[in-house]
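Visitor: Could you walk me through this model? I would like to take it piece by piece.

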Amino acid sequence: MDMCCKDLAEKLLLFRDGDLPEEEVQHLREHLHYCPPCLDLLNGYDEVVEVLCRLKPVKMPANLCESMKERLKTECGGTPDARQPEAASDGNGSEA
Amino acid sequence: MATNTTIDELLNPETLVDRYGERIYRLARRMSNSEADAEDVMQNALIKILRNAASYRGESDPMGWIYRITLNEAREIHRKRKRRPAVSLDNLPVDFDETSHPIGVTDIAHRPERFAMSTEIDDRVRMAIDELPDGYREAVILHDLEGVPYQEAANLLDLTLGGFKTRLHRARMHLRRRLEEFWKSVDESGGTAATDGA
Ligand SMILES: [Zn+2]
């Protein structure tokens, strides 16, 4: 087995997220055993991902839902179906 | 292909907000520096969705389309705001090249378990995300904070899967560098980060 560290760096992303196929996991574990820099890289991922997971969650303010609905009704009025769609510039996929 | 039910949901302010509002808001808030900006982003995105829903012909799950509209609205407002300059691309850790393991810090690896997540760490991480160049910031927000899978996030940023991974890798390495700086400063100042319970 001679996986180069460059290939491994990319696999670390998948490994960290649990998306790496089982047979590759074994190779990677072996490599990590004798390659401190790769282990360091993995620790870096662990650390960053863990800290990101612990960031305070974003919560929508309680009254925003209802106030948004009211704003939309005011802004867009009666039956939105009847409106002319704006120029589709958002990847709508409706150009055809 | 989108079903009539999906389109009906998108066309009705009630169901649109009930079903998709939370996710739109979360992305808007992550992308914005203030609550007020996040609300503006959300409102603009919802209006655009309502106005274009009748002609939506995309996937049966419209979330990708909704995210894309929300991202565009957030970028629009972001551009108008004065913002600290992003770190230079040259200063971001390199991508998967050479033998470079970008940061050779092993002695103080893996600190999070030593600390309850403190307000201070929270702020530092947000600042570090905010100083990333836009495309890198968006990669972290979409995948690491909002849990959008790699391929979908890559599509949203108009990147190949490989390009997206490289970007995420560099962004995470930048965040790691900032974290290490933070842990070091904590160590030097006596070893405790201010925790706020939990
Ligand atoms: Zn290695």
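Guide: Gladly! One term before we start: helices are DSSP runs of H or I with at least four residues, strands are runs of E with at least two, and both are numbered from the N terminus. Please keep in mind that this is a predicted model.

Visitor: How many helices and strands does chain A have?
Guide: Reading along the sequence, you meet the pattern α-α-α-α in chain A. The count for chain A is therefore four helices and zero strands under the DSSP run rule.

Visitor: And what pattern does chain B follow along its sequence?
Guide: Chain B has zero strands and eight helices. Read in order, its pattern is α-α-α-α-α-α-α-α.

Visitor: What percentage of the residues counts as buried in chain A, and what percentage in chain B?
Guide: A residue is buried if its relative accessible area is under 20%. In chain A, with 96 residues, the buried part is 40%. For chain B, which has 198 residues, the value is 55%.

Visitor: Let's turn to the metal. Which residues coordinate the zinc ion?
Guide: The donor residues follow the spacing C-x25-H-x3-C-x2-C in sequence. The donor atoms are SG for each cysteine and NE2 for the histidine, at 2.1 to 2.3 Å. The residues are Cys5(A), His31(A), Cys35(A) and Cys38(A).

Visitor: What is the geometry of the zinc ion's site?
Guide: For four donors, a tetrahedral label needs all angles to lie between 85 and 135 degrees. Ideal tetrahedral angles at a metal are 109.5 degrees. Here the four donor atoms make angles of 103 to 115 degrees, so the site is tetrahedral.

Visitor: Which helices hold Cys5(A) and Cys38(A)?
Guide: Both residues are donors to the zinc ion, and the pair links distant parts of the chain, 33 residues apart. Cys5(A) sits in helix 1 (residues 5–16) of chain A, and Cys38(A) in helix 3 (residues 36–54) of chain A.

Visitor: Are Cys5(A) and Cys38(A) buried, partly exposed or exposed?
Guide: The buried class ends at 20% relative accessible area and the exposed class begins over 50%. Cys38(A) has 1% relative accessibility, so it is buried. Cys5(A) comes to 25%, and therefore it counts as partly exposed.

Visitor: Where is Val58(A), and is it buried or exposed?
Guide: Val58(A) belongs to the loop between helix 3 and helix 4 (64–76) of chain A. Its C-alpha atom is separated by 27 Å from that of Phe15(A), which is 43 residues away along the chain. Because its relative accessible area is 12%, Val58(A) is buried.

Visitor: How far apart are the C-alpha atoms of Arg57(B) and Thr3(B)?
Guide: Arg57(B) lies in the loop between helix 3 and helix 4 of chain B, and at 41% relative accessible area it is partly exposed. Along the chain, Arg57(B) and Thr3(B) are 54 residues apart, while their C-alpha atoms are separated by 8.6 Å.

Visitor: What is the phi of Asp158(B)?
Guide: Asp158(B) is placed in the loop between helix 7 (150–156) and helix 8 (161–188) of chain B. With 60% relative accessibility, it counts as exposed. Although Asp158(B) is not a glycine, its phi is positive, at about 55 degrees.

Visitor: Now the empty spaces. Which helix gives the most to the lining of the largest pocket?
Guide: The largest pocket has a volume of about 370 Å³. Of its 19 lining residues, the closest to the centre are Arg29(B), Arg30(B), Ser32(B), Asn33(B) and Arg126(B). The elements giving two or more residues are helix 2 (13–31), helix 5 (119–130) and helix 6 (134–145) of chain B. With six residues, the top contributor is helix 5 of chain B.

Visitor: How many charged residues are in that pocket's lining?
Guide: Domain 1 (4–81) and domain 2 (86–198) of chain B each provide at least three residues of the lining. By class, the lining has eight nonpolar and two polar residues, and its charged residues number nine.

Visitor: Which helix supplies the largest share of the second largest cavity's lining?
Guide: That cavity has a volume of about 40 Å³, and its lining residues include Asp37(B), Ala74(B) and His78(B). Helix 3 (35–52) and helix 4 (63–80) of chain B each give at least two residues. The largest share, three residues, comes from helix 4 of chain B.

How values were computed
Residues are numbered from 1 along each chain as its sequence is written. Chains are lettered from A and ligands numbered from 1 in the order in which they are written. This is a predicted model: local features need pLDDT of at least 70, side-chain atom pairs count only at pLDDT 80 or more; totals for chains, interfaces and linings use all residues. Side-chain values use heavy atoms; hydrogens and water are left out. Donors are N, O and S atoms within 2.8 Å of the metal (3.2 Å for Na, K and Ca); water is not among the atoms, so sites may look incomplete. Four donors count as tetrahedral if all angles lie between 85 and 135 degrees; four count as square planar and six as octahedral if opposite donors are over 155 degrees apart and all others between 65 and 115; anything else is irregular. Buried means under 20% relative accessible area, exposed over 50%, partly exposed in between (1.4 Å probe, protein chains only). On a 1 Å grid over the protein atoms alone, a cavity is a set of points where a 1.4 Å probe fits but cannot get out, and a pocket is an open set with protein on both sides within 12 Å along at least five of seven lines; lining residues have an atom within 4 Å of a point. Grid points are joined across faces, edges and corners, and a volume is the space filled by probe spheres set on the points. Ala, Val, Leu, Ile, Met, Phe, Trp, Tyr, Cys and Pro count as nonpolar, Asp, Glu, Lys and Arg as charged, and the others, Gly among them, as polar. Domain bounds come from an automatic or database domain assignment.
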